[in-house]
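Subject: Structure handover and notes

Hello,

Here is the structure I said I would pass on. Please look it over before reading the notes below it.

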Amino acid sequence: MTRRTPLNDGHRALGARMVDFAGWDMPVQYSSVIAEHEAVRNAVGLFDVSHMGEIEFRGPGALETANRLITNDLSKCADGQALYAGLLNEQGGFVDDVVAYRFSPERILIVVNASNKDKDFAWMQARAEGVKPVDRSDDYAQIAVQGPKAVALVQRLTPVDLTKIGTYRFAEGPVAGIACIVSRTGYTGEDGFELYCAPGDAEALWKALLQEGQADGVKPCGLGARDSLRTEMKFALYGNDIDDAHTALEAGLGWICKLDKAGGFIGRDALAKQKAEGIQRKLVGFEVTGSGIPRHGYPLLKDGQRVGEVTSGTQGPSVKKPIGMGYVPVELSGEGSTFDVEIRGRAVPAVVVKTPFWKK
């Protein structure tokens, strides 16, 4: 059965085009993907991300239990700090990529991808040594407020001093009179916040943000703009750019894997071995220099031979170029390396470039 977020009726009232995404009825766009994308780059956009999952560890030993499951190191964080991390299998491939929030050593919240929530929860339950996780997904709605005018918009609605919340930091307080977790995180490459509230409060919060943001040029934004924004930043999408068959090192995410962390983590030994031996393939960002847009699954060719495939691709609205990502042999991963993308039966030239594609 397709699930709906608390904002579903509101999306439909705004004329959103709805699609099935990971079993959820979600807006893909309201006006146009490009208009929504540009609103986030130049003003402020709102995203309903209430489909994401939230899994909590609570009680004595919560920090230690959660920290053994993720690749990054919560023990080095302060209370009120979040970090990006992976859940890995024993081979170093991704079970999921997550954001972990440290409220205190006795309260850790891990936010997981909607498509993986049930799998992740079962995986954590089976491997948690100490505090057992609790699925809190039904207790939270989540709205992302993103763009250069996002901070000013949220600040007008809250007494919380947002200047004291740095990147990947969070606080608890009212926004538009609604109790929220106010997290300076996002998936767009722009400044802004992800606001967590009770599902019953989501509609009032969404409407308050839309109303207050009218002078800022606020736009509600769908999955289409979310995808083009994150692709321009080379932010990985689970199921496309990262999965259980590619390791964190191959994905260029070794920086979120603390191999020397006390207690280690699942997949640590496989990554240490791969780091010592060297990777054979690597996720790269590339620009198409011929005509055509790279799409997920299109073959990557070198001298007519298939060497990989596009994991994500789009016509970047901000960079004004066709861009993509894909895994290629490590000898083709250097900046300036060339290969072809097979687009509708044609071999179209492409070149590896420095990422992120979008730089302010």
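The notes below go from the domains to one helix, then to charged pairs, aromatic rings and an annotated residue.

Please keep in mind that this is a predicted model.

Domains

The domain assignment divides the chain into domain 1 (7-49 + 140-232), domain 2 (53-135) and domain 3 (280-359). Between the C-alpha centres of domain 1 and domain 2 there are 24 Å. Domain 1 gives 13 residues to the contact and domain 2 gives 15 residues.

Helix H7

Of the ten residues of H7, nine are buried, so this helix is largely enclosed by the rest of the structure. Among the buried ones are Leu-223, Gly-224, Ala-225, Leu-229 and Thr-231. The list of buried residues also has charged side chains by name, including Arg-226, Arg-230 and Glu-232. What covers them includes strand S2 (17-21), strand S3 (24-29), helix H2 (33-42) and strand S4 (45-48). Strand S17 (305-316) and strand S18 (321-329) are also part of this cover. After H7 comes Lys-234, which has a positive phi, near 55°.

Salt bridges

The count for the model is 26 salt bridges. Three of these pairs are described here.

Glu-56 and Arg-58 form a salt bridge, with their closest N and O atoms 3.5 Å apart. Glu-56 has a relative accessibility of 5%, so it counts as buried. Arg-58 has a relative accessibility of 51% and therefore counts as exposed. Both residues belong to a network of salt bridges that links Glu-56, Arg-58, Arg-107, Arg-136, Asp-139 and Glu-172.

Asp-118 and Lys-117 form another salt bridge, and here the closest N and O atoms are 3.0 Å apart. Asp-118 is exposed, at 57% relative accessible area, whereas Lys-117 is buried, at 14%.

In a further salt bridge, the side chains of Glu-212 and Arg-156 meet at 2.6 Å, N to O. Glu-212 is in helix H6 (residues 202-212) and Arg-156 is in helix H5 (residues 150-156), so this pair ties together parts that are 56 residues apart in sequence. Glu-212 is partly exposed, with 29% relative accessible area. Arg-156 is partly exposed as well, with 42%.

Aromatic rings

How many aromatic pairs does a search of the whole structure find? The search gives seven. In one of them, the ring centres of Tyr-84 and Trp-255 are 6.0 Å apart and the planes are at 40°, so the pair is tilted. Tyr-84 is in strand S6 (residues 81-88), while Trp-255 is in the loop between helix H7 (223-232) and helix H8 (268-277), so the pair ties together parts 171 residues apart in sequence. Tyr-84 is buried, with a relative accessible area of 16%, and Trp-255 is exposed, with 53%.

Tyr-101 and Tyr-196 make an edge-to-face pair, at 5.7 Å centre to centre and with 80° between the planes. This pair links distant parts of the chain, since Tyr-101 is in strand S7 (residues 94-104) and Tyr-196 is in strand S13 (residues 192-197), 95 residues apart. Tyr-101 is buried, at 1% relative accessible area. Tyr-196 is buried too, at 3%.

These two tyrosines are part of a cluster in which ring pairs link Tyr-101, Phe-103, Tyr-140, Phe-170 and Tyr-196. One member of the cluster, Phe-103, also has a charged neighbour: Arg-107 lies over the face of the Phe-103 ring, at 3.8 Å from its centre. Arg-107 is also a member of the salt-bridge network that includes Glu-56 and Arg-58.

An annotated residue

Which residue does UniProt list for "binding site"? The record, an unreviewed entry, lists Glu-194. Glu-194 is found in strand S13, the strand that also holds Tyr-196. Is Glu-194 buried or exposed? Glu-194 is buried, with a relative accessible area of 9%.

Leaving out residues up to four places away in sequence, Glu-194 touches Tyr-101, Gln-142, Ile-143, Ala-144, Ile-181, Val-182, Ser-183, Thr-185 and Gly-186. One of these, Tyr-101, is the partner of Tyr-196 in the edge-to-face pair.

Regards

Notes:
Residues numbered from 1 in each chain as written. Predicted model: local features only at pLDDT ≥ 70, side-chain atom pairs only at ≥ 80, totals over all residues. Heavy atoms only, no water. Salt bridge = Lys/Arg side-chain N within 4 Å of Asp/Glu carboxyl O. Buried < 20%, exposed > 50% of the residue type's maximum accessible area, 1.4 Å probe, protein only. Helix = DSSP H or I, 4+ residues; strand = E, 2+ residues; numbered from the N terminus. Phe/Tyr/Trp six-rings, centres within 6.5 Å; stacked < 30°, edge-to-face > 60°. Lys NZ or Arg CZ within 6 Å of the ring centre and 35° of its normal. UniProt positions renumbered as here; feature names shortened; annotations may be inferred. Contact = heavy atoms within 4.5 Å. Domains from an automatic or database assignment.
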